[in-house]
Structures are given as structure tokens and as C-alpha cells.
Amino acid sequence: MPVKNEYSLLLAAVRKVMFAQLTDDRRHGKRQVSLVIEPHRADCGGAAGAVIIPAHDEERVIARTLDGLLPLLSSPDVDVIVVCNGCTDGTAEIARRYAGVTVLETPVGSKPAAMNLGDAATERWPRLYLDADIEIEASAVEAVFRELSRPGAPLASRPSSIVDTRKSTFLVRSYYRARARIPEPVTRLWGAGLYAASEAGHARFAAFPEVTADDSWFDGLFAEDEKTIVETAPARVHAPRTAAALLQILGRHRRGYVELETSDPGSQGRGRALLGTIRGLPSALDAFCYAALAAIARLRSHATVGVGTQQWETDASTRAPVPAAPSTPSATAGRRAHGTAAAPIRLKTLPAEGEDYAVCVVGAGAVGLSFALEAADAGLRVLLLDAGGEDAGRRDKPAGRRRNDTIVDPDRHAPELQTTRVGVGGASWMWGGRCVTYEPVDFEQRDFVPDSDWPIDFSDIEPWRAKAQEYLDCGAGGFASDEPDWEGLGDLKMSQLERWARQPTLGPRLAAMVAAHPLIDLMCDAPVVGVAFDTDGTTVEGLRILSDDRPAVVRANRYVLAAGGMETVRLLLDAQRTLPAAFGGADGPLGRYYMGHATGSIANVVLTNPADIADLDFQLDEHDSYVRRRFSLPAESLREHELLNASFYLDNPPFYDYRHRNATLSAVFLALAVPPVGRRILAEGIRLRHIGPTPRRYWPHIVNVLRRPIRAIIDSADILRRRYLSNVRKPGFLLRNPGGTYALHYHSEQIANPDSRVRLDGGRNADGTPSLEIDFRYTERDIDSVLRFHALLDDRLRAAGRGRIEYLDPPENRGAAVWEQAIDGFHHIGTTRMSAVPADGVVDGDCRVHGIDNLFIASSSVLRTSAEANPTFTAVCLALRLAHHLAETPYADVEAVSEQEPIPPVAENQPTPV
């Protein structure tokens, strides 16, 4: 290994020791210096000067910066000064561990004041002023010193630099790609986090003034021929990791220019130059992101001008957390009891023998996390298992976790990567956040809806709705609007509300709650590959998991399968091969009655009064959550007309149809059409619907944007701000139009069909579990109900004088249009449905699997009807109800143990590990 690489590895190891020591010192109230880093002896080539580093709470990055300067620290001709100003962390302690570094401390948190203190502490010239988070090599510093020290030298300089966006989100990377294409003044000193002055250059000013944009102020002191950029190994500027952090930086720059009573020094002609960088769709999207983020920053910027108003603002997104000392699994419960964890503290190994868990939960998605927290709050000791890692849900399933399932009709069922994720948070990483409750009619027997007889009713979930709203973070309000319906609508209702999660990616928030709970242990990367039963098949004795590619078994008193509709069915179908009489029999209800929803748009609504759209747009309610009113019918009308439950909402015309000539809609289409961008904006299935079928025409959309680029930028900036940069995410946007014409979307119930089913296909997955055949089907009754509901809605709107429906197809083609859009696979409903008797379903009214005393299911798969509602909210309600049922129902204690060797197989073709 080269010496340089060995040296870098050593430094990395030393830094970890430093952080661990510092953290431990603080925990015990110590302030001691126990480690000193000696400088690496190197020839500095005769370069002389001073490096002044103003640092405010930079313990997370200061070592990274000082490491690059190590060869300079032994030079008698170079001063390296760290000025800790207003620090409340360990910046000074870390800096003092570098021999050759002078550390100054002041209680005043001011970058200009810190640089002035650094100036007073040295007599060397030239001087490089270096931000504490910039990585730079000693050779680059030496080159700048030599350049400013030669005869006839310029007065100011800096080394070349690059912006490191490797850890940034797509929007941030897109912004910096566009910025890099814009021609900039070749001698600009601002924007790199460092600049240098010779003694003659410094004579231009007596001291640094209290300004925010110190680099722009410094750059403005010198003419173009008085400053230069030295070609060196580039200094590394770490880009903000998130768009919100980038906007904070842009806003700070904007305030700095206002303070200086000047404009952005690079803004002249930038808009024209930005347009000139467009060479195709990718560069057009980058330019658009750049313009949108710049516009948002300008809108949000409120300058704070005046002496004494400046304050340090650092980009926290680039400051990685200080590593904590490692802990053992036995220590996790004690730490969680104090609520100090901010991320899941997970078991690294199998639970130790003698660990006694009241319940083991399979799956850490929205339902599993909610159940685990509620059960633990009720006093139960919980072991939570998930097949993925703590943040695996941010990405598509890894190859080793993907399934070899067969989809019989791909036109009806979305593929696996569009519908499921593994890891803490599960499919909520792809969830839009819509929360809709089942209604009383959804639990009631309807003669025209097959198999609609539930063993429970609405009153069984109603007590748990408020708590479910807390877990799903969709606000504390109800699901019915207090606003009056439009007059003359008859039985057509507008009062039904859908609520939206403030931030639909539930994993980080709920996982932090799990980490803070003393009664929950979380074990990640622990896929369950089988269920072990006793000899008579009435009790679960353990769950087989893959741990480090070895089979193992975990045990608890009771088990809850919350792994989603497909994985839960997979485990039970596998078990049924050995227990053919279980779950209603070999050809019984298990895997049958697979339902979702019929969704799409076959018509537009034309409002008589275009202003009425305000009543059907997204609204931020008094609970700080977004809600939306929808058209629906009461139970008596559904019965009278024998209609399946459905709701209707208004939306923009299809993004992909360039004939709308709307610049903003075309801009959104272009963004969604690029997969890496679109997949970060919307779940893949929804993205594909919005970009429409192939072939797609891009240039007409670009023309639409170019017709009104300012409007597209302003609208898109507002969308980005409200949807991605707000603590309460706006779920969508509705662009008003003077004609009052909007797309009419339907979301309709699907009937239970025994031939719509999931079964084993005889194959195997990489983890040894069986693969499935997914035969998802709609029926003519599903399609007919959608068409008849449209006709009734049209009649009610016309009778009230409020509007009318304009179909997109002639009558003879409308059914085909509904069939064309009939696809699901996102809502796994009915495959382990609830029933009063075992022959008719898989679980009873308490979600207990029929005939098995300690196995339960918490999943949308237990729902007996699909209703018109997305299933997540009701599934969480049932999970909370189950948690309290288990807490209130004693169960004989069973010692929970772990085994590294497999228990005797229970099936002839038991899964084998890979």
C-alpha cells in the first residue's frame, strides 16, 4: 500500500479515537487532552505565510480540515491559527490535539471578528482565510503563498476549487451541475470558502467588517488584474446535502448582497447564460432546477441588515454526527429509557438466551411500527424484525431481497419494485400520505357486494382512529368537512375528507420513537423465511430467520405478521404445504379475494363558476395538515343504485398531454420523465401514470415551457417549496384555469373475487422462500359501477347548476377506457381476510389466525372489503386494536430463546439459506 494511503488510513483511525475520547470525556464531565497529533515532516518549499481558520461549533469537521494541513504544521515559516468563536462544543479541544496549531478562543460568535483576532496573532504574510469545513492539501496552500510572494505578484488569490456533491440529493446536484455550466469571471474569489491576501492587498482594509458575505466584500476590493486563481490540487467544498440546506445558504448569500448594497457579483446576464447552457433534456432540467431554487431563495430572503445582526449560520447537513462509542445489545434498553437515541438502536446479533418477549413482530413498515409502539406502551416486551436495514427503504430492494414471482397479467398488476420496499419504514418510503378512513357502510352486509359480511363493524375501529392519526401524522381533525355542500346537489356529498400525512416517509420518525422505547428491540437485516409450528399445528414455536446467511430461530409468546400482504401470504402458503388443513384448507381462502381499487380518469368536469374550484382544492386545516374534499354518495344511495363505494376528486389535466399548453405542467412532466428525478418526486407507479404511454414527445413540452418560462419557474418554485421544503408537505397542486375545466379522477371499490388470487408457483427466491403466482383480476361489475357512478355525478352537477361532465371518449369506448386504466398491486387487500368461520377467511375478528392460538396478522390483507379508501389508515387502526387485545389477554409465559442451529424441519421442502 502506498505511504500516502497508509497515512490517510492512520489519520482516519486517529480521528475516530479522538471523537470517541471527546464524547466519553464530555459524558463524564472531563475536559482533558489525551492525544496529540504530531505533524508529518515535509519540505514546504520555502513557502511562508499564515492560515487563519475561523471556526464556530465545528467539532465534526475541523479534524478533516487540519489533516490536510499537517505537512505545514512543522514549518517554522507557516502559522496555522484556529479561532474558536462562540463555540459550545469540542472544536478547541480537537484543534489543540494538533501540534503546531495555535488555538484562540473568544465568546463572540462572529466570523469577521475571528479573522481579525487571527490577524492580530501573526506577523506572517501572505494570509489565507479558510473556512473550517473546506478540505485543502498543503501543496495548494504553499502554491498560493508563493504566488502572492513573488515580485509583481497580484494582491489577492485563492487556489482552484471543486464542489463535492456526492452525498447531496438530486435537486442539489442538479443545481450545481447547472451552475458549473454558467460562465463565471475567471478571477472570482467568492464562493469557494477560502481566499488569500498579500500584505499589500491587506493594506486595502484595516479590518474585516461585520458583513455576512465577507468573500464578496473581499473580492470587490480588487480589480480583475489584481487577483488570480492559482491552479493547484483543488480545494474541496462540500455541497449541502439537501435542498432545504442549499436554500439556507442561498438566502444567506442574498442577505449578504443586500447588506453590501450590491447585487450578486455573478448575476449580470446569468439568465441568458443559463438558457445558453441548455443542450438537451438533462441540461434543461438542471437549468430549470437552478432557476427554481434561485427563485425560492429570493422569495424567502428577508435581509437582516445592521451592525450586530450578523450571526453564524453553518450548513448542518454537511456536518456528519460525531461517532458515539459502540454499545452492546444488552445496553440498548437502558439508553433508550432516557430517550436519547435519534435513530434505531438495533440488535447486532440474535437475542440472548433467556430474553423473554411477549410478542415478536415481523415487518417494520407503517403497520408494524405502529403496532410495536402501541404494544410496548401497553406494557408488552416487543421484538421487531425486518428484512432490510435502517434506511434500506430509501432505495429499491437489493438484488438478494427481490422476488421471482410471476405476474399473470402485467397490465393489471404493478411490478414488485413499484409496490414494496424492505427496511424500517417499509413501503411508506413510496407512500403518498393519503389517509382515508373506512366508513360504516364498508363493514355492513350489502346484498349486491359479494362477501361483504364482516365479523366486526365500524365501532370496533372508531376508538383507534385518533391514535392512528398520531402515528401517521395526518392531523387531529376528523374525516368530515364542516363546510356546507353546494346547494342543489341532492344526495351527492362533498363533506368526505381525505387527510394527508405531514411527512409521508414515516420510517425516520417512528423509528426514532422505537429507538427511544425501553421495551422494544429492533433487529434489522433479519428476513423471516419460515414459521415453525408444534406437532399438531396449533401453536407457533418460532420464526426461522436468516442471520449472517445462517438459519436461526427466534421465539416469543405470540407472533404478529406485519410484513405486508404479499410476504405474509408467502409465509402462510409455505406453511400450508405441511399443514394442509390450516388457513381454511389447501384450496380455501388463503391467498384468494385479492383486491385493490379501480382508479383513473375518463372525463373532465367543467365548473359553471370557475371560482368553485377553491372548495375542492387542498386546504391546510387548523391542525396544520392538508385535507381535500371529494364527491361521494351516502350509504343509502349506494344501496339504492347498487353502486360500489367510490370517491371523486378534481385534478390537473394529464401532464403528458402537451396540448394543455401549460408551461408549469410541461415542466413537471419533463422532470418526471427523467427516471432519477421522477422517482424522487413520486412513487414509480404514480410517476408512470403521469408521464403516460410511449412514445413520449418531449420537444412540444419544452416549447410550452419556453413560451412562459418565468411562470413555469415561479410555479415550480412554489411547488418545490410547499412540497419538499416545508415541514408540512403539500400533497399535490392544482393549477387554476379560467375555463374551470379539470380532470375528474375516480377511486372505486373492487369486489371480492375468489379467482383473484395469489398462490405458490413452484419456484424459489434467493433467500429460499417460495415464489408466487399473482393472478390479480378485475370484473365487469367493477367497471360497470365506475361508469354508472359517473352518470349519476353528471346528473347531480347539472341539476344543481354547478357544472357538467365531459367524457374523453364516446359512450361505446368508455368501458374500455376504464379497463385500460385498471391496474393495482399497491393495495394488498383480502388475501388473509377476516371472517367469522375458518372456511371463509384466515383471521377472526381479533386478527388471530383461525386455529392457531398465538399467531396474528396486522396487515391490509385482513380487510374483507376494499371500500373506496386507501387501506393504510384502517390497517393501522386494526393493528392498534390488536395491540391492546394482546395486552389485555394473558398468555402463558414461554421462554424466548434463540438458536443458531435450525430446529427440526417442518416441511419436506423447507427453505434453505443461500
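The following exchange examines how several terms apply to this predicted model.

Reader: What makes up the secondary structure of the protein, and how many of its residues are buried?

Author: The secondary structure comes to 27 helices and 27 strands. Of the 914 residues in the protein, 57% are buried, a term that stands for under 20% relative accessible area.

Reader: Why are helices α20 and α24 called oblique to each other?

Author: The axes of α20 (residues 663–673) and α24 (residues 709–724) cross at roughly 60 degrees. Angles of 65 to 115 degrees count as roughly perpendicular and those under 35 as roughly parallel, while the rest below 145 are oblique. The two helices are therefore oblique to each other. Their axes come within 8 Å, and the crossing of α20 past α24 is right-handed.

Reader: Which residues make the contact between these two helices?

Author: From α20 come Ala663, Thr664 and Ala667, and from α24 come Arg711, Ala712, Asp715, Ser716 and Ile719. Sorted by class, the contact has four nonpolar, two polar and two charged residues.

Reader: How do you know that strand β4 pairs with β1 and with β6?

Author: A pair requires at least two bridges between the strands. β1 (residues 49–55) and β4 are joined by three bridges in the parallel sense, and β4 and β6 (residues 194–197) by four in the antiparallel sense. Both therefore meet the requirement of at least two bridges. Valine 51 stands opposite leucine 128 in β4, and arginine 127 has alanine 197 of β6 as its bridge partner.

Reader: Which way do the residues of β4 point, and are they buried or exposed?

Author: In β4 (residues 127–130), Arg127 and Tyr129 point one way and Leu128 and Leu130 the other way. All four are buried.

Reader: Why do β10 and β23 stand at the edges of their sheet?

Author: The open sheet has three strands in the order β10-β24-β23, with mixed pairing. β10 (406–407) and β23 (757–764) each have a single partner strand, so one side of each is left without a neighbour in the sheet.

Reader: What joins β23 to β24, and which helix lies across them?

Author: β23 and β24 (residues 770–775) run antiparallel and are joined by five bridges; arginine 757 has aspartate 775 of β24 as its bridge partner. Helix α18 (residues 565–576) lies across both strands, running at about 115 degrees to β24.

Reader: What share of the contacts with a separation of 6 or more is between residues 24 or more positions apart?

Author: Such residues account for 77% of those contacts in the protein.

Definitions and conventions. Residues numbered from 1 in each chain as written. Predicted model: local features only at pLDDT ≥ 70, side-chain atom pairs only at ≥ 80, totals over all residues. Heavy atoms only, no water. Axes fitted to C-alpha atoms, helices over the stretch in contact; angles between N-to-C directions. Left-handed = near helix turned anticlockwise from the far one by under 90°. Contact = heavy atoms within 4.5 Å. Nonpolar A, V, L, I, M, F, W, Y, C, P; charged D, E, K, R; others polar. Buried < 20%, exposed > 50% of the residue type's maximum accessible area, 1.4 Å probe, protein only.
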